[in-house]
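Ready for some practice in reading a protein structure? Take a moment to look at the model below, then try each exercise before you read its solution.

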Amino acid sequence: MTKPMDEMTWQEVEPGGVISEPGCASSYHTGTWRSEKPIYKEEICIRCQRCFIMCPDASITPDFEKNRMVWNYDYCKGCGICAYECPVNAIEMVQEGE
Amino acid sequence: MATKAAKELPKEEFILPGTRSCAACGLMLTYRHSLKALDPGKTIVAVPASCMTVLHGVYPITPVKVICVNNPFAATGAAASGIVAGLKATGKAGYTVVAFAGDGGTYDIGIQSLSGALERGTDFMYVCYDNEGYMNTGTQRSSASPAGAVTTTTPILAKLQHKKDMLRIVEAHRIPYVATASPSFPLDLYDKVRKAKEIKGSRYIEVHAPCPPGWGFPNKDLIKMGKLAADTAVHVLYEIVDGKFRLTSRSLRLAEKGGKKTVADYVKGQTRFKKITEGQIQALQEFTDRRWYEFMERHQNGRS
């Protein structure tokens, strides 16, 4: 796993500043930016997957086995697009920490 | 073949969560759907200094699963041409080279290298995500900013000039594919990137990417703003394949069924237009209408 810059020594830097391991940002939790949290109401959801399509951060994934949508709160930035775009209001934004 | 339902879009993600882009980033949504449409194992992305570099993360961490080359601001077209030439020289076939640049890197700073690459007929795809300003460095005026918009370099009078018609400039190079898209219409965007991927030669797609912090609207309205831009014909969705013009998606429906909204509806939801005067709204409306009727006419001519 790639280390953050401040934990790296200069010997560990690849020649040319190349990043050899793709998709290694999962250690960076953008969920801490959030001030409002989306709450999913499974019983109202019609499974149109619009929230999955419209999420800019790919934090919503459809779980086909359980037939529901899954939020990844480690990375959800709380923009509220999913709640606003939901045609049946199955997502509610609540203040973080309540 | 047009994708009909959202459920048909691929589920696999090529840009992982954990990006450093702002919440509700129009670019991020564009990039996510574009990478799904491309074959990420066989794609090389060229990126200038822009919001895209921020999205790609701070060294040595990146959320992107494609091969990416970071290049100087003015050299996106040249860097992409170099990659194409390098692939050809080393005998690697089947790769798609895609350049992703912002409006600053396309309309202003990168126009010479883009024009050079298009003139040479380089086999690559150029995607310009137009967020109407230099958003990465703090909302400075670019030639893509609309008239009446307050930016940090036009704080008192707001921008006086209309937006540059970059698409006409690109079209004048007579390249095989020119299109416009919007992240608010992901199916349309997906189809256009898919189509462009199959075409040989230079391809240009311009994506209108709303920017909540730069334009001054709530994060949740991202999709709404993109749709409003199409409904007011501020951004018209179309494609030109080998010189044949065709309106698509929402703009096609607007041309057939009517119901165009006024620019005033689009302007009032954004704080960047807080200093716009009635006269400027009128001028913007006339500018938009003139473009829209031109497009309608071209659409009719393309059909017959």
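The exercises below deal with a predicted model.

**Exercise 1. Find where B:Thr232 lies in chain B, and decide whether this residue is buried or exposed.**

Step 1: Look for the elements on either side. B:Thr232 sits in a loop, with helix 9 (222–231) before the loop and strand 7 (238–241) after the loop.

Step 2: Check the accessible area. A residue counts as buried when its relative accessible area is under 20%. B:Thr232 has a value of 0%, so this residue is buried.

**Exercise 2. Work out which residues surround B:Thr232, leaving aside its neighbours within four places in sequence.**

Step 1: List the contacts. B:Thr232 touches B:Lys260, B:Lys261, B:Thr262, B:Tyr266 and B:Thr288.

Step 2: Look for a polar partner of the side chain. A polar atom of the B:Thr232 side chain is 2.8 Å from the backbone oxygen of B:Leu228.

Step 3: Compare sequence with space. From B:Thr232 to B:Leu254 there are 22 residues in sequence, and their C-alpha atoms are 9.2 Å apart.

**Exercise 3. Describe how helix 9 of chain B is covered, and what follows the helix.**

Step 1: Count the buried residues. Eight of the 10 residues in helix 9 of chain B are buried, and the helix is mostly covered.

Step 2: Name some of them. Among them are B:Leu222, B:Ile223, B:Met225 and B:Leu228.

Step 3: Move past the end of the helix. There you meet B:Ala233, which has a positive phi, near 65°.

**Exercise 4. Describe the interface of chain A and chain B.**

Step 1: Begin with the residues. On the chain A side, 39 residues are in contact with 38 residues of chain B.

Step 2: Turn to the area. The two chains bury about 3100 Å² between them, and 67% of this is on carbon and sulfur atoms. In chain A, the residues that lose the most area to chain B are A:Ile53, A:Pro56 and A:Tyr84, together 18% of what that side buries.

Step 3: Look at the kinds of pairs. There are zero salt bridges between chain A and chain B, while eight residue pairs are in polar contact across the interface.

Step 4: Find the elements on the chain A side. Helix 1 (50–54) and helix 2 (81–85) of chain A each give two or more residues to the side that touches chain B.

Step 5: Sort that side by class. It has 24 nonpolar, eight polar and seven charged residues.

Conventions. Residues are numbered from 1 along each chain as its sequence is written. Chains are lettered from A and ligands numbered from 1 in the order in which they are written. This is a predicted model: local features need pLDDT of at least 70, side-chain atom pairs count only at pLDDT 80 or more; totals for chains, interfaces and linings use all residues. Side-chain values use heavy atoms; hydrogens and water are left out. Helices (H or I, at least four residues) and strands (E, at least two) are DSSP runs, numbered from the N terminus. Buried means under 20% relative accessible area, exposed over 50%, partly exposed in between (1.4 Å probe, protein chains only). Contact means heavy atoms within 4.5 Å. A polar contact is a pair of N or O atoms within 3.5 Å; within protein, one must be able to donate a hydrogen and the other to accept it, and residues adjacent in sequence count only if both atoms are side-chain atoms. Buried area is the accessible area (1.4 Å probe) that two parts lose on being put together, summed over both. A salt bridge is a side-chain nitrogen of Lys or Arg within 4 Å of a carboxyl oxygen of Asp or Glu. Ala, Val, Leu, Ile, Met, Phe, Trp, Tyr, Cys and Pro count as nonpolar, Asp, Glu, Lys and Arg as charged, and the others, Gly among them, as polar.
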